[in-house]
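Work through the exercises below with the model open. Try each task before reading its solution.

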Amino acid sequence: MKKSIMSIWMLVILVLVAGCSSSSTGGTKAKEDDTLTIAWLPNESGEDLGETRDEIGRILEESTGKKVVHKTTTDYIVAIEAIANGNADIAFLGAQGYIEANNKNDKVQALVVPSGESGTLDDAVYYSWLAVQKENGDTYKNNDEYVIDNIQGKKFSFVSNSSTSGFKVPSTGIVDYFSQQDEYKDLTVEDLLEGGKDKFFSEVLYGGSHQGSAVNLLSGKVDVAAFCDTCVNNYVELADGEENKAGAVYKVKKDAAEPFNTVVDKEFSLISVTPVLNSPFVVNTELVSDETREKILETLTSDEVANNEKIFVPEDSEFSGLFKKKSGDESLIQVEDDWFNPIRELSK
């Protein structure tokens, strides 16, 4: 897994060194109406983020003069298809979801991503986790180091095969790690999609969301699960170890909202942690004119949004918002399509 982490970071560094150009696709004569529809992935479609969605909608209504309609989903594909097929004007997608939407329709373009703690794109990452129940953590250690050797043959949960940190990154990492062994030298990502007697995993489940994948683990349906830090931060707290490091233990909060209300006080340990490029807000430029897109861009990257505590939530707040404000410098930053090339490279 160390090799895969390094390869991902090298790709990230190459893109960040190259830098971002100043503007997205130009010259679009979009056929737009008086409504902006925003599609949300299942991870951001829950009631706990309702106030955040409404706040973003309110601010965009004020800046564009258009009515904002939220399209919440229970399936990754629904959100991806909505933005690609013109049933949504804006979407908040993972990097892999954006790439899939862009492949379907190149008029779908990334607009902004949340910055890192530095306030720049240099550290604009979150983390893909492989987790196990706390009591089983030591079975995934070699001496004092956590390894993934023992995940083979286990019951495993992904999020969705359109998820970046819940499928694309962990599946690529697993293949990179195990294919160095003669027994698994021909292992492919496709071999991980389904479980069975003669498969790499004995059983494979899909949570449908990062929250769902985590609950698959904590409810005992699987032995190992892939999900990301940002999508479960509103429901869990660090109980032991260092945040986003293998060996860290997290515990479900006593007042956790659905679906974690069924696994309150349950604990899990991280056995693998991989950085992933932050998720973008994207627009369908066939539907959103240059003028409106500039208004959206100016609004989303404004201090009004960066300082809005219903969107960028202070670290010590109990409010369930979309982004955490740790350093105080976090904001939404314009981004270009080629910034996501490290994720595209994982499919080659």
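**Exercise 1.** Which residues of helix 3 are buried, and what caps the N-terminal end of helix 3?

*Solution.* The model is predicted. Start with burial, which needs under 20% relative accessible area. In helix 3, residues 76-85, the buried positions are Tyr-76, Ala-79, Ile-80, Ala-82, Ile-83 and Ala-84. An α-helix has 3.6 residues a turn, so residues three or four places apart point the same way. Next, check the N-terminal end. Asp-75 is the cap there, with a side-chain oxygen 2.7 Å from the backbone nitrogen of Ile-77. Last, look past the helix. Gly-86 follows helix 3 and has a positive phi, near 90 degrees.

**Exercise 2.** Which parts of the chain does the salt bridge between Glu-51 and Lys-310 tie together?

*Solution.* First, test the contact. A salt bridge needs N and O within 4 Å. The N to O distance between Glu-51 and Lys-310 is 3.6 Å. Now place the partners. Glu-51 sits in helix 2 and Lys-310 in the loop between helix 9 and strand 15, so the bridge joins parts 259 residues apart in sequence. Then check exposure. Glu-51 is partly exposed at 44% relative accessible area. Lys-310 is partly exposed too, at 34%.

**Exercise 3.** Is Thr-285 buried or exposed, and what does the side chain of Thr-285 reach?

*Solution.* Locate Thr-285: the loop between strand 14 and helix 8. The relative accessible area of Thr-285 is 1%, so this residue is buried. Finish with the contact. The side chain of Thr-285 reaches the backbone oxygen of Lys-107 at 2.8 Å.

Note on methods:
Residues numbered from 1 in each chain as written. Predicted model: local features only at pLDDT ≥ 70, side-chain atom pairs only at ≥ 80, totals over all residues. Heavy atoms only, no water. Helix = DSSP H or I, 4+ residues; strand = E, 2+ residues; numbered from the N terminus. Buried < 20%, exposed > 50% of the residue type's maximum accessible area, 1.4 Å probe, protein only. Polar contact = N/O pair within 3.5 Å; in protein donor to acceptor, adjacent residues only side chain to side chain. Salt bridge = Lys/Arg side-chain N within 4 Å of Asp/Glu carboxyl O.
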